[in-house]
Amino acid sequence: MNIGFVGVGRMGANMARRLKDRSFHVTAIYDIDRAAATRLAAELGCAACQDLSEVTAESDVVLTVVTDDGAMRQIFGESGDNLLVNARGKLFINCATISPKVHVDLEKLAQKAGAQTLEACMASSITQAREGSLYLMCGGSEEAFRNAEPVLKALGASVRFVGKAGEATKVKALVNMVMNINTAGLAEGLGLGAALGLDLKMLREVYSQTGAASRVLETDGEDMQNREHTCFFSAAHAAKDSGIALELARRAGLDLPLARATKEQYDRMIAEGLGELDKSGIAELTFKDRHKHSGDHV
């Protein structure tokens with residue numbers, strides 16, 4: 001089984017390395033950052049393709065890890081260079097968090113080209129991508145899921161089939177919406193604790209033993225205290241994913257004030273030039289002595 005990758009940023013590159021370690025044939029990679037693609041290709045001993053159609057030609061399965069709806073529609077465009085050129089018999093596993101409708105539209109385009117698509121949304125980060133311990137939520141046809149399983153099981157510790165195209169993306173958007181709300185809430189709790197002169201290590205321990213406990217407390221609490229915001233999941237991506245969830249809520253006729261307020265906080269980070277910090281950087285907005293966002297401290 002020959003594997004291609006489109007999008008080899010922090011997640012895509014480590015997924016490619018993982019599959020290479022598991023003796024899959026990674027044959028072709030593509031990224032708009034040509035230098036990044038060339039470096040990874042040299043590391044893995046595969047081709048750094050200049051054209052998307054070349055990735056399809058060199059691969060049986062293509063994994064895509066791109067940024068947003070626009071990027072996804074571009075690589076699967078109906079004209080010009082795109083992944084669906086001569087794609088009959090190929091399988092596309094799309095791992096980005098994008099709008100559900102885009103996955104539905106792409107499945108239809110792939111079917112017209114004689115190919116299959118599967119969404120494989122990731123509720124994990126860079127370390128899990130490298131270790132093959134991703135949490136994967138999949139949507140599409142059951143046949144596509146079965147065909148993708150050997151690759152998915154090499155990448156994920158938990159692989160869950162959710163349902164038809166678009167359904168897994170809905171679940172992922174809700175996962176990230178709640179995670180982002182928890183992150184913003186923790187930042188406020190620690191920020192207020194600091195303003196009151198409390199020992200933040202003690203406060204985090206109390207949180208962990210009470211109803212304030214959360215997965216975010218484990219992953220981000222100490223980083224918020226220490227202002228360590230090395231990016232695993234950026235504030236910009238947090239804003240995007242909360243936006244997807246809010247659009248789903250709007251269509252369902254629901255008002256979600258906590259999700260809306262959280263997105264506003266991440267939008268503020270972007271506006272203040274902090275969008276590429278890890279989502280834990282939201283604490284820079286809540287600690288009393290950090291409102292100037294001094295660059296030498298962040």
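These legends accompany a series of close-up views of a predicted model.

Residues are numbered from 1 along each chain as its sequence is written. Because the model is predicted, local features need pLDDT of at least 70 and side-chain atom pairs count only at pLDDT 80 or more, while totals for chains, interfaces and linings use all residues; side-chain values use heavy atoms, with hydrogens and water left out.

**View 1. The open sheet and the helix that packs on it.** The sheet is open and has 8 strands in the order 3-2-1-4-5-6-7-8, with mixed pairing; strands (E, at least two residues) and helices (H or I, at least four residues) are DSSP runs numbered from the N terminus, and two strands pair if DSSP finds at least two bridges between them. Strand 3 (47-48) and strand 8 (156-163) stand at the edges with a single partner strand each, so one side of each has no neighbour in the sheet. Helix 1 packs on this sheet, touching strand 1, strand 2, strand 4, strand 6 (116-122) and strand 7 (134-140), and its direction makes about 170° with that of strand 1; contact means heavy atoms within 4.5 Å, and the axes behind the angle are lines fitted to C-alpha atoms, for helices over the stretch in contact, with angles running from 0 to 180 degrees between N-to-C directions. Strand 1 (residues 2-6) and strand 4 (residues 61-64) run parallel and are joined by 4 bridges, and Phe 5 stands opposite Leu 63 in strand 4.

**View 2. Surroundings of Phe 24.** Phe 24 is placed in the loop between helix 1 (10-21) and strand 2 (25-30). With a relative accessibility of 16%, Phe 24 counts as buried, where buried means under 20% relative accessible area, exposed over 50%, and partly exposed in between (1.4 Å probe, protein chains only). Residues up to four places away in sequence set aside, Phe 24 touches Met 1, Ile 3, Leu 19, Pro 150, Val 151 and Ala 154. Of these, Met 1 is 23 residues from Phe 24 in sequence, and the two C-alpha atoms are 6.9 Å apart in space.

**View 3. Ala 13 in helix 1.** Ala 13 is found in helix 1 and is buried, at a relative accessible area of 7%. Apart from neighbours within four places in sequence, Ala 13 is in contact with Val 8 and Leu 40. Ala 13 and Leu 44 are separated by 31 residues in sequence and by 10.0 Å in space, C-alpha to C-alpha.

**View 4. The salt bridge between Asp 21 and Arg 130.** A search of the whole structure finds 16 salt bridges, each defined as a side-chain nitrogen of Lys or Arg within 4 Å of a carboxyl oxygen of Asp or Glu. One of them joins Asp 21 to Arg 130, with the closest N and O atoms 2.8 Å apart. Asp 21 belongs to helix 1 and Arg 130 to helix 6 (residues 126-131), so the pair ties together parts that lie 109 residues apart in sequence. Arg 130 is partly exposed, with a relative accessible area of 32%.

**View 5. Salt bridges of Glu 218 and Asp 255.** The side chains of Glu 218 and Arg 215 meet in a salt bridge of 2.9 Å, N to O; these two residues are 3 residues apart in helix 10, and are thus separated by about one helical turn. Both Glu 218 and Arg 215 are exposed. A further salt bridge brings together the side chains of Asp 255 and Arg 260 at 2.4 Å, N to O, with Asp 255 exposed at 54% relative accessibility and Arg 260 partly exposed at 36%. Elsewhere, salt bridges that share partners join Arg 73, Lys 101 and Asp 105 into one network.

**View 6. Ser 234 and Arg 227 in one loop.** Ser 234 lies in the loop between helix 10 (215-226) and helix 11 (235-252), and at 1% relative accessibility Ser 234 counts as buried. When neighbours within four places in sequence are left aside, Ser 234 is in contact with Gly 275, Glu 276, Leu 277, Asp 278 and Lys 279. Arg 227 lies in the loop between helix 10 and helix 11, counts as buried at 18% relative accessibility, and has a phi near 60°, a positive value in a residue other than glycine. Most residues other than glycine have a negative phi.
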